[in-house]
Amino acid sequence: MSVSVARVPTASASRYLQQLAKHWSHKMTVTFSPEEGTIDFPNGSRLEMRADSETLDVALTVPEGEDVERMRGVVASHLDRFAFREAPLTFDWKEA
């Protein structure tokens with residue numbers, strides 16, 4: 001398992017979290033509130049998000065054998081779509 005974390009600066013973190021969760025809820029197992037969300041991908045990856053007034057914190061767990069960079073890109077590109085007014089968002093991905 002590989003775990004990547006990023007702190008994304010944005011005043012709209014809760015809105016983006018909820019939009020992403022709703023967007024993927026028809027394809028994946030999703031739970032969310034305005035402050036926290038979890039998305040389970042079909043490939044076994046999991047995205048956990050936490051929003052506050054200044055940042056969206058994301059933790060992406062990717063199983064062995066899956067492409068970590070591709071999954072990071074999927075998450076970032078989808079969030080950038082919802083954040084089109086301030087995109088591209090800054091993802092400072094780090095291994096946890």
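Two strands count as paired here if DSSP finds at least two bridges between them. Keep that in mind as you walk through this predicted model.

**Whole chain**

Start with everything shown as a cartoon. You should find two helices and six strands, arranged along the sequence as β-α-β-β-β-β-α-β. Along the principal axes, the C-alpha atoms fill a box of roughly 35 × 25 × 20 Å. How does the radius of gyration compare with that of a compact globule? For 96 residues the globule value would be near 12 Å, and the protein has 12 Å, so the two agree. Of those 96 residues, 46% count as buried. If you draw contacts between residues at least 6 apart in sequence, 52% of them join residues at least 24 apart.

**The sheet**

Now select the strands. They make an open sheet of six, in the order β2-β3-β4-β5-β1-β6, with antiparallel pairing. Color β2 (29–32) and β6 (94–95) to mark the edges, since each of these strands pairs on one side only. As a general reminder, strands of a sheet pair through backbone hydrogen bonds, either parallel or antiparallel.

**From β2 to β4**

Zoom in on β2 and β3 (residues 36–40). Four bridges link this antiparallel pair, and the two strands form a hairpin with three residues between them. Which residues face each other here? Pick V30 and you will find I39 as its bridge partner in β3; pick T31, and T38 of β3 stands opposite.

Next, step across to β4. β3 and β4 run antiparallel and are joined by five bridges. Select E36 to see R50 of β4 standing opposite. This pair of strands also forms a hairpin, with five residues between them. Stop at G44 in that turn, where phi is positive, at about 95°.

**Helix α1**

Select residues 13–24. This is α1, which lies across β2, β3, β4 (46–51) and β5 (55–62) and runs at about 150° to β4. You can check the helix with a distance tool: at 1.5 Å a residue, its 12 residues should span 16 Å, and the end C-alpha atoms are 17 Å apart, which agrees.

Which residues of α1 are buried? Show the side chains of A13, Y16, L17, L20, A21 and W24. These residues cover an arc of only 130° around the axis, which means they sit on the same side of α1. Follow the buried residues outward and you will see them pack against β2, β3, β4, β5 and α2.

**Helix α2**

For the last stretch, bring back the sheet with α1 across β2, β3, β4 and β5. Then select residues 68–82, helix α2, which packs on the sheet and touches β1 (2–9), β4, β5 and β6. Its direction makes about 150° with that of β5.

Finish on A76, which lies in α2. Is A76 buried or exposed? Its relative accessibility is 14%, and the cut-off for buried is under 20%, so A76 counts as buried. Add V8 to the selection: A76 and V8 are 68 residues apart along the chain, and their C-alpha atoms are separated by 9.9 Å.

Key: Residues numbered from 1 in each chain as written. Predicted model: local features only at pLDDT ≥ 70, side-chain atom pairs only at ≥ 80, totals over all residues. Heavy atoms only, no water. Contact = heavy atoms within 4.5 Å. Axes fitted to C-alpha atoms, helices over the stretch in contact; angles between N-to-C directions. Expected span 1.5 Å × (residues − 1). Buried < 20%, exposed > 50% of the residue type's maximum accessible area, 1.4 Å probe, protein only. Arc of directions from axis to C-beta. Rg over C-alpha atoms; globule rule 2.2 N^0.38 Å.
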